[in-house]
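User: I would like to go through this structure by question and answer. Please keep each reply short and end it on what was asked.

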Amino acid sequence: MPRLPLIALLVTAPVWAQERVVSFVHDVKPLLESRCLKCHGPAMQLGKLDLRDRAAAMKGGALVPGEPEKSPLFRHVAGLNKPRMPMDGELKPEEVAVLRDWIAQGAKWEGVLGAPASAARDLKKMETWTVPAGAREQWAFRKPARPAVPANGAAHPVDAFLRAALAQRGLTHAPRADKPALARRAYLDLLGLPPSPEEVRAFVDDNAADAWPKLIDRLLASPHYGERWGRHWMDVARYADSNGYEHDFDRPNAWRYRDYVIQSFNKDTPFDVFLTEQLAGDEMGERTYDRLTATAFLRNYAKVGFREKDNPQFRFEYLDDMIATLGRGVMGVTVQCARCHNHKFDPVGQADYYRLQASLWGYVEVDHPLTPPAEAKAYQEKMDAIAAAAKPLREEVKALEQPYRDVLLTAKYKKWPENIQKAVFTPEKDRTPGQVLLANQIIRTTSVSPSELDRAMGAADLAKKRTLEARIREIEKTRPRPIPVAMGITDGDYRLTPDGAGDEPAPGKGIQREKIDGMFLNDGSRPYVAPPSHFLHGGDQNSRGSETAPGFVAVLDDGATPTALPPADGRTSGRRLALAKWLTSGRHPLTARVMANRMWHHHFGRGIVTTLDNFGKTGEAPTHPELLDWLAVEFVEKGWSMKQMHRLLMTSEAYQMSSQWATEKHLLTDADNLLWWRYRPQRLEAEIVRDNILAVSGALNTTMGGKAVFPELPQEILASMDKGIWNNTKDGPEVWRRSVYVYRKRGLPLPFFEVFDLPDQNLTCGRRNVSTVPTQALTLMNNEWVLRQAARFADRVATDAGPDAAAQVTRAYELALGRRPSAEELSAGEAFLRVRTMGDFAHVVLNLNEFIYLR
């Protein structure tokens, strides 16, 4: 048989099938045993597919005898379906052809296949993976040490490092920016709001040597600082007010986490404490309301449905999201890439992934009461009594509705194509893996509305239902006033009997009655029993390996931190607290580096490591590694103070350089400004563009904290939303609050934010994308909300400046750009106002490139 490319094999395979008979024993069996049984044999069955015998392969849906083009086995090895199989390297074209010919000839099978002994050894090897020799020599995996500051005459350590690199290329740095530019830069950078003309003037007129540090301190003391810098952290924390996915349920208490973040930045909570509270606030010595609220960090994942116990199969996805957020957002390592196999580029093994998963495994979702325990207990007892009284009535209603619901659902299912109907109507235990996916998707997204049920029900049943509902409403009227709660997590206790024996969870002494995610909450009267976590071969929850102990990423671990620090009251495992202590020990190679680099990025427009959430081999190398290490050590030694880091970076000459200066030599030598020879202009984020429009128009409502607001959306946009909430509010002061308080709906982001590159709210985000597209200009020119704010801006200018055109142009520039217009700009503005209105001019100013850039 001639060797042909794969596409030729696919085309000509039916002809070959007639030319020769494929031998199962000689051709197919060795191929399946050597390349397929490692993942689909006795050790594990990824995707519930077992290829040891024909019956199992048929049940798993892998084969359609006589029709290779419909057989998933062939389609995956041929690359027609994703992912391409086998996972450890694709088959040769002639091997793909053998499988196609064999299936075309009826997929005849002889006996049972046995996986080679090496397969079991390979699986065990994955579980016992160790760090490769020399892996810790990579710069990112070595603990940062404080390097000597270059002695080159610079008064500031940041400038000393930058000038040393510039000198090597024969370059100098830009001159200092003028004071109005510096004032606007500082305000937008720290507060996300423009300075008033009076604030600019006060700084310009302050000739004291410490005028600049005093301005920085004044801005850091402003409550608006937390709104600005807390928003940066919420990108990392993938904060949103709704669940996401198709139902996109509301999270009524998510806003408390947002307020906690803002307050933490304003209080300058040390970053090590800030991080520990978010990972293990419920395990710390003093459980304050803030610390319980902080645990929402791990629960911020996008979620299917309303309660996790409604969709337990997604628990592994939520854990993967937590690990990805910790890996990328805190450590700058893509640990989540080691879920199914050892990391392809970095020294991170599956064993590392599952050690981290074991540290988080016991989590359960809870709403933490933010009231004294006695009050919370009394409230819960009253709610339990009401639920118990209503339960039999609800069950009667459900029993009345169920026959009608079944008929309506069946009719809806029958509208789908035949293969989908077959998947839905096949008994659950008999479904193939493919049918499981299809059926789950359809069943989960198909529902019957109350109005549909009412129309379908018989008159007698409907009347009985109405009577039962009326009785339920009477019971519900006795509900007590809700107590404040914060969404968060804690650990669930795992046991069968009061003695803690057995495999399955069940209530025992000292454990709350309510079962959460297969576990119970421990009240501290008994020792905590941690749920078992297992190594999953290939990342498949149906292919469990050995039980996994909690631990850390080995290449980053010096072994000095215990893997569990149980609290004295015994309520939880202490695993998350140990994880937090490991990350913030000061010995961790990456935590301080990643946060220092993140702060540098937001101040200077680009990180020393450009890939903020990837310090591994596929990330960018640092442009100034010694500077980054110096900053990381300084950050830790100064008590992890974020405000101290702001002061350090902003008092450098590098931060105060002009962004408008350049020479031909600089542009030819370092056009991308990687050496920071001048300040890098930055496009303002979506939220800050909106905030600045509100600020210059005079409309900004500076009320802080509390529940989210819902800016008015057009009805055609609301019509696209069929799940969750958007409490559309007429445009006015109530919704003219800062954008950090706008409801973050995963399924329907505010369109204005989307235009200006709002990141994917389902994932942790290190660095926002910055695009320049026509829709941004069109939005600023034509959006009705922008036009209304431009009119308010014009009214403000007219009130402040009076009827004189020159005064109006000057005032508009001062309010929007923080500076006076040049002579040319003043002349052009006056000419414009001779033929157009002040409203038009105000609108033009809001459309200036300078308005949406920090320079």
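User: Leaving aside neighbours within four places in sequence, which residues is Trp233 in contact with?

Analyst: This is a predicted model, and Trp233 is among the residues with the most contacts inside its largest nonpolar core. Leaving aside neighbours within four places in sequence, the contacts of Trp233 are Tyr257, Val261, Phe265, Phe271, Phe274, Leu275, Gln278, Phe297 and Met595.

User: How many residues are in the largest nonpolar core, and which helix gives the largest share?

Analyst: The residues with the most contacts inside this core are Trp233, Trp600, Leu631, Phe752 and Phe793. The core has 164 residues. Its largest share is 8 residues, and these come from helix H17 (residues 315-331). Another core lies apart from it, with Phe24, Val28, Leu31 and Ala78 among its 25 residues. The values asked for are thus 164 residues and helix H17.

User: Is H9 parallel or oblique to H10?

Analyst: The axes of helix H9 (residues 179-190) and helix H10 (residues 197-205) come within 9 Å of each other. They cross at roughly 125°, and H9 passes H10 in a right-handed crossing. Angles over 115 but not over 145 degrees fall outside the perpendicular and antiparallel classes. The crossing angle therefore makes H9, relative to H10, oblique.

User: Which residues in H10 are met by residues in H9?

Analyst: From H9, the residues involved are Lys179, Pro180, Leu182, Ala183 and Tyr187. In H10 they meet Glu199, Val200, Phe203 and Val204.

User: What separates the C-alpha atoms of Asp178 and Val204?

Analyst: Asp178 lies in the loop between helix H8 (157-168) and H9, and its relative accessibility of 48% counts as partly exposed. Asp178 and Val204 are 26 residues apart along the chain. Their C-alpha atoms are separated by 9.0 Å.

User: Is Thr371 buried or exposed?

Analyst: Thr371 lies in the loop between strand S1 (363-369) and helix H19 (373-413). Leaving aside neighbours within four places in sequence, Thr371 is in contact with Tyr289, Ala376, Ile483 and Pro484. Its relative accessibility is 8%, and the cut-off is under 20%, so Thr371 counts as buried.

User: Over which residues does pLDDT stay under 50?

Analyst: The mean pLDDT of the protein chain is 91, and 93% of its residues reach 70 or more. One stretch under 50 has 29 contacts beyond four places in sequence in the model, and another has 44. These stretches are residues 1-18 and residues 496-515.

Note on methods:
Residues are numbered from 1 along each chain as its sequence is written. This is a predicted model: local features need pLDDT of at least 70, side-chain atom pairs count only at pLDDT 80 or more; totals for chains, interfaces and linings use all residues. Side-chain values use heavy atoms; hydrogens and water are left out. pLDDT is the predictor's confidence in each residue, from 0 to 100. Contact means heavy atoms within 4.5 Å. A nonpolar core is a set of buried Ala, Val, Leu, Ile, Met, Phe, Trp, Tyr and Cys residues joined through side-chain atoms within 4.5 Å. Buried means under 20% relative accessible area, exposed over 50%, partly exposed in between (1.4 Å probe, protein chains only). Helices (H or I, at least four residues) and strands (E, at least two) are DSSP runs, numbered from the N terminus. Axes are lines fitted to C-alpha atoms, for helices over the stretch in contact, and angles run from 0 to 180 degrees between N-to-C directions. Angles under 35 degrees count as roughly parallel, over 145 as roughly antiparallel, 65 to 115 as roughly perpendicular and the rest as oblique. A crossing is left-handed if the near helix is turned anticlockwise from the far one by less than a right angle, and right-handed if clockwise.
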